[in-house]
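Subject: Structure handover

Hello,

Please find the structure below, with my notes on it underneath. They go through one part of the chain at a time.

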Amino acid sequence: QVKYQNLKNFELPLGLKGFFDYEEALMLAKNSKKPLFLDFTGFACENCRQMEHNVWSKPHIEKLLKEEFIVVSLFVDSRYKLPESEWSYNEDSKPIKHLGLKNLDIEIKKYGNPAQPLYVVIDSEENILSGPIGYCSKEEFYAFLKFGIESHKNK
């Protein structure tokens with residue numbers, strides 16, 4: 001049972017299996033030999049859909065995403081209201097009550113960029129292995145993924 005998998009429109013492209021919660025994916029990565037592929041995305045993000053349809057769908061790229069990574073899509077525009085036990089807090093100690101704002105807060109605090117799409121490859125200790133990278137060509141995206149895999153193997 002993947003957290004948030006039953007929320008409306010929460011699905012990964014291309015039939016990929018993965019997660020929608022940063023902490024859940026990180027926990028799985030600690031018990032796996034795979035790096036995490038973070039996909040900061042949005043339901044209303046046209047560039048995200050373009051990347052998925054024109055870049056992720058290339059057979060050699062889709063194969064890497066399916067076989068080499070734990071994939072987590074973090075929707076920054078989700079309006080799902082979190083239970084109080086899952087709230088986080090911003091710098092002003094104000095509660096972050098919605099999943100999308102929580103994901104956006106992670107994106108900004110950890111990776112310094114509020115744009116979508118934004119892709120990062122990390123290890124289970126949250127070390128950046130490749131990226132961040134945004135909208136790009138299939139060649140750039142493939143090189144980004146391969147660098148993440150190689151960096152993970154060389155740890």
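I start with strand 1, where Leu36, Leu38 and Phe40 point one way, Phe37, Asp39 and Thr41 point the other way, and all of them are buried. Please keep in mind that this is a predicted model. The alternation is what one expects, since in a regular strand the side chains alternate between the two faces of the sheet. Strand 1 covers residues 36–41, and six of its six residues are buried.

Strand 1 has two partners described here. With strand 2 (residues 70–75) the pairing is parallel and runs over six bridges. With strand 5 the pairing is antiparallel, over five bridges. Phe40 shows both sides of this arrangement: Leu74 stands opposite in strand 2, and Leu118 is the bridge partner of Phe40 in strand 5.

Phe37 also belongs to strand 1. Is Phe37 buried or exposed? Its relative accessibility is 0%, so Phe37 counts as buried. Leaving aside neighbours within four places in sequence, Phe37 is in contact with Trp56, Leu65, Phe69, Ile70, Val71, Val72, Tyr119, Val120, Val121, Phe141, Phe144 and Leu145. By contrast, Lys102 is 65 residues from Phe37 in sequence and 18 Å away in space, C-alpha to C-alpha.

These contacts lead on to the core. The largest nonpolar core has 45 residues, and those touching the most other members are Leu36, Phe37, Leu38, Phe69, Tyr111, Phe141 and Leu145. In soluble globular proteins, nonpolar side chains tend to be buried together.

Now the chain as a whole. There are five helices and six strands, and from the N terminus on the order of elements is α-β-α-α-β-β-β-α-β-β-α. The radius of gyration is 15 Å, close to the 15 Å that the globule rule gives for 155 residues, so the chain is as compact as a globular protein of that length. Along its principal axes the C-alpha trace spans about 40 × 35 × 30 Å. Of the 155 residues, 48% count as buried. Among contacts between residues at least 6 apart in sequence, 61% join residues at least 24 apart.

Next, strand 5 and strand 6. Strand 5 (residues 118–122) and strand 6 (residues 128–133) run antiparallel and are joined by three bridges. One pair in this arrangement is Tyr119 with Ile133, the latter in strand 6. The hairpin of these two strands has five residues between them, and there Glu126 takes a positive phi near 70 degrees.

Another positive phi is at Gly112, just after helix 4, with a value of about 65 degrees. Helix 4 has 13 residues, which at 1.5 Å a residue should span 18 Å; its end C-alpha atoms are 18 Å apart, so the two values agree. Which residues of helix 4 are buried? They are Leu99, Gly100, Lys102, Asn103, Asp105, Ile106, Glu107 and Tyr111. Tyr111 also appears above, among the residues that touch the most other members of the largest nonpolar core.

On the other side of helix 4 in sequence, His98 lies in the loop between strand 4 (95–96) and helix 4 (99–111). His98 is partly exposed, with a relative accessible area of 28%. Not counting residues up to four places away in sequence, His98 touches Ser78, Arg79, Tyr80, Lys81 and Leu82. Phe75 is 23 residues from His98 in sequence and 11 Å from it in space, C-alpha to C-alpha.

Last, the cysteines. How many disulfides does a search of the whole structure find? The search finds one. The disulfide joins Cys45 to Cys48, with an S to S distance of 2.2 Å. The torsion about the S-S bond is about 80 degrees, so this disulfide is right-handed. Cys45 is buried at a relative accessible area of 11%, and Cys48 is buried at 1%.

Why is the sulfur of Cys136 not in a bond with the closest cysteine sulfur, in Cys48? The distance to that sulfur is 12 Å, which is too far for a bond. Cys136 counts as buried too, because its relative accessibility is 9% and the cut-off for buried is under 20%.

Regards

Key:
Residues numbered from 1 in each chain as written. Heavy atoms only, no water. Core = buried A, V, L, I, M, F, W, Y, C linked by side-chain atoms within 4.5 Å. Buried < 20%, exposed > 50% of the residue type's maximum accessible area, 1.4 Å probe, protein only. Contact = heavy atoms within 4.5 Å. Helix = DSSP H or I, 4+ residues; strand = E, 2+ residues; numbered from the N terminus. Expected span 1.5 Å × (residues − 1). Pairing = 2+ DSSP bridges. Disulfide = S-S within 2.5 Å. Rg over C-alpha atoms; globule rule 2.2 N^0.38 Å.
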